[in-house]
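Colleague: Can you walk me through this one? Helix packing to begin with, then the sheet.

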Amino acid sequence: MTLKHPAAALVALALFAMQLTACGGPRTGRVSGDGEVVYEDPQAEETVTTHWGSTDLQTTAESLTQSLLASRWIKDASAQPKIRLREVRNFTDEHIDTKGITDKIRIMLLRSGLVRFLADDANLDAVFAERDLTETATRRGANKLLADTDYIITGTVRSIRKRTKTVGDVYYQVSLELTDPQSGEIVWADEKEIRKLTTKPTIGW
Amino acid sequence: MARCITATTFLVCSLFAGFSGGCASRVPTDEIRAAILSGEVDDLEKRLEETHEEYSEMVTALNLARVRQMDGRWADSARAFDEALAILEEYESRALVNIRALASGAGTFLLSRGAESYFGAGYERSLLHTFNALNYLMLGDIPGAAAEIRRMEQRQAFWLEESQARIEKILENKEKVYDSPEELPQGYSMREILSDEAVRGLVNNYQDAFSYALGAVLLRLAGDLQAAGVNMRRAMTLDDKAGRFFEQAWPAAAGGASLKRRDVPPLPGKRPDAVSPAGKRTRKRPDTQEVTIIGFTGLAPSLGVENVRIWVPVVGHILIDLPAYTQRAVPGSTLLASGPARKQIALHPLLRTDLLAYRTLWDSMRAEAGFAVSRAVSRAGIAAGAYLVAKSNSATRDYAEIIGSLTMLFLDLTAQSMSSSVRNWETLPNTGYLAGTRVPRGAEVTIASGGSEQRIILPEEAQGIIILATEMSAANLKVYHVTY
């Protein structure tokens with residue numbers, strides 16, 4: 001089946017183009033049945049897209065935890081300060097689970113043994129439910145510890161995204177604050193900045 | 001020679017068969033529209049799920065997401081929107097010069113408008129996020145809704161870069177034809193619609209006041225006052241009706257340069273400010289509650305292909321295939337809202353998807369017309385080539401005219417078959433309304449459309465309520481609400 005003539009060749013080319021593009025073109029967004037699953041190192045650098053990812057979560061938590069532990073409010077405290085995690089607010093254009101950031105920071109801080117944590121918004125209801133069950137045996141007034149917070153941690157995640165035809169750039173700023181709830185004084189604050197750049201290839205599929 | 005013709009005919013036949021078979025299994029536009037307008041979407045949902053499972057295209061994902069949303073399946077709808085977004089982002093990350101775009105361009109230039117894959121027009125890409133924000137809102141996830149609104153803003157900025165440069169390039173390079181819609185071919189059905197003042201009066205083809213006004217409402221709830229203020233001003237710049245909405249909803253804020261902190265209600269479940277000096281402040285509970293109504297009526301127009309006869313110098317009259325909204329928008333019934341004592345709450349129509357669709361078509365008309373002529377000429381050229389080859393060979397000379405005609409017929413049928421894949425996001429509503437007011441605590445709010453009416457008694461403990469009302473048919477009004 002040879003295509004010797006220009007007309008025939010043109011038809012073949014055009015029909016090939018149609019085959020590639022008609023009815024919506026190539027299928028996307030599905031993992032084929034031949035796809036394989038492998039375990040990877042959870043600490044390995046993840047660069048699948050410019051969106052917020054596991055590496056960003058890990059480096060942010062590590063950086064801010066170390067900074068907080070090095071602050072005199074924690075390092076030089078005479079007794080383990082009692083901390084409550086409050087909300088880290090998401091001001092980005094992504095659906096970032098900011099609880100993931102605070103959970104990781106809490107785990108790292110607790111591992112250090114330098115601080116004590118009180119129940120936060122997420123598990124306070126469970127604490128009260130448990131307490132209600134034992135209300136007859138324990139007076140609420142005796143549970144002063146729960147309300148006796150030395151510091152609270154709050155924060156924000158913000159992003160700036162820019163794009164041209166060939167380059168995509170995203171900048172994340174994660175900031176945390178340690179505040180004395182009695183005085184309202186912000187005693188410590190730090191930030192973690194992340195910038196990711198992606199470039200489009202000139203030629204490709 | 002005979003082998004050449006056989007090869008060509010074989011290719012044309014097999015590919016025509018392949019295309020017609022492949023495209024036929026999509027849910028036809030007529031059926032989608034009939035199901036939505038009847039208010040019965042259960043079967044449609046199943047069929048769209050099957051279609052999307054098979055094709056995984058952006059348009060199938062968008063249609064599925066919207067139908068699920070109409071049915072109140074917020075999480076499932078958000079998942080389908082995410083799939084549509086993943087497809088769009090994959091498209092946007094492709095190489096500058098890529099084989100798929102070249103093939104698509106060649107197909108569009110030579111054979112059929114249907115060779116161009118759908119990745120959404122500017123307003124559709126933007127509305128993807130606006131409608132997904134509604135899913136997060138109805139799930140009670142205000143930060144999630146705010147993230148979608150920020151994506152909507154980003155998307156509009158990206159589209160500006162993508163479309164503006166293209167439009168300017170077309171204007172520079174093309175001859176001065178179709179300077180106005182009145183110059184379009186007489187037989188083209190879109191001629192009068194594109195000449196409509198409402199279409200030509202739009203600031204551009206991708207920005208809508210509804211998305212920005214809704215964005216202001218949601219960002220305010222998310223506590224991002226600065227961004228809420230920016231969205232409010234953008235909405236008011238785009239449409240005077242947005243100004244009337246804000247005057248009604250936030251009378252204190254709309255007149256000033258920025259929103260005021262005291263206008264921001266706390267988030268759902270939010271406890272008193274975490275950072276507050278010693279000494280508790282007691283907040284007086286207001287006697288009124290906020291009511292925001294988001295309403296959708298009608299159905300957007302559906303894109304197809306229309307054959308139009310035009311006159312080309314030297315060649316004479318030729319038949320070209322132009323994209324056209326072959327199924328017009330359905331305006332729907334008038335949505336009405338009222339508060340206590342049947343006092344009417346004004347609903348402001350801030351979204352008109354038909355106008356955005358028509359304006360998008362007009363902005364791309366020069367390029368579309370150029371491609372349509374080239375397609376007509378290339379099809380005629382191929383058929384003429386087949387005729388000349390047949391004529392030059394003694395074995396096929398007697399059948400040259402038949403071979404030429406058959407080649408033309410095959411090409412036309414193939415192009416026509418491919419045209420069925422020219423689609424748009426056809427499950428969008430035609431009109432989107434917003435209303436905002438305050439009513440006495442625990443009051444009753446009534447939403448009515450056509451013959452349907454639904455009443456909601458405001459829960460007294462809530463700061464406010466957001467009501468989402470979708471009119472699917474005169475007798476079928478779906479009303480959902482979320483409190484904060």
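Modeller: Sure. Keep in mind that this is a predicted model. Helix 12 (residues 225-238) of chain B packs against helix 13 (residues 240-249) of chain B at about 135°, and their axes are 5 Å apart.

Colleague: What does that make helix 12 of chain B relative to helix 13 of chain B?

Modeller: Oblique, because angles over 145 would be needed for roughly antiparallel. So helix 12 of chain B is oblique to helix 13 of chain B.

Colleague: Which residues meet there?

Modeller: From helix 12 of chain B, Met232(B), Ala235(B), Met236(B) and Leu238(B). Helix 13 of chain B brings Ala242(B), Gly243(B) and Phe246(B). By class, that contact has six nonpolar residues, one polar and no charged.

Colleague: OK, on to the sheet in chain A. What's the strand order?

Modeller: 2-1-3-4-5, five strands in an open sheet with mixed pairing. Strand 2 (116-118) and strand 5 (186-199) of chain A are the edges, each pairing on one side only. Twist averages 25° from one strand to the next.

Colleague: How many bridges join strand 4 to strand 5 of chain A?

Modeller: 13, and the two strands run antiparallel. Strand 4 of chain A covers residues 167-179. As an example, Val170(A) has Lys196(A) in strand 5 of chain A as its bridge partner.

Colleague: Which strands does helix 2 of chain A lie across?

Modeller: Strand 4 and strand 5 of chain A. Helix 2 (residues 54-70) runs at about 155° to strand 5 of chain A.

Colleague: And helix 4 of chain A?

Modeller: Helix 4 (residues 98-112) lies across strand 1 (82-90), strand 2, strand 3 (151-163) and strand 4 of chain A. Its angle to strand 1 of chain A is about 155°.

Definitions and conventions:
Residues are numbered from 1 along each chain as its sequence is written. Chains are lettered from A and ligands numbered from 1 in the order in which they are written. This is a predicted model: local features need pLDDT of at least 70, side-chain atom pairs count only at pLDDT 80 or more; totals for chains, interfaces and linings use all residues. Axes are lines fitted to C-alpha atoms, for helices over the stretch in contact, and angles run from 0 to 180 degrees between N-to-C directions. Helices (H or I, at least four residues) and strands (E, at least two) are DSSP runs, numbered from the N terminus. Angles under 35 degrees count as roughly parallel, over 145 as roughly antiparallel, 65 to 115 as roughly perpendicular and the rest as oblique. Two residues are in contact if their C-beta atoms, placed from the backbone, lie within 7 Å. Ala, Val, Leu, Ile, Met, Phe, Trp, Tyr, Cys and Pro count as nonpolar, Asp, Glu, Lys and Arg as charged, and the others, Gly among them, as polar. Two strands pair if DSSP finds at least two bridges between them.
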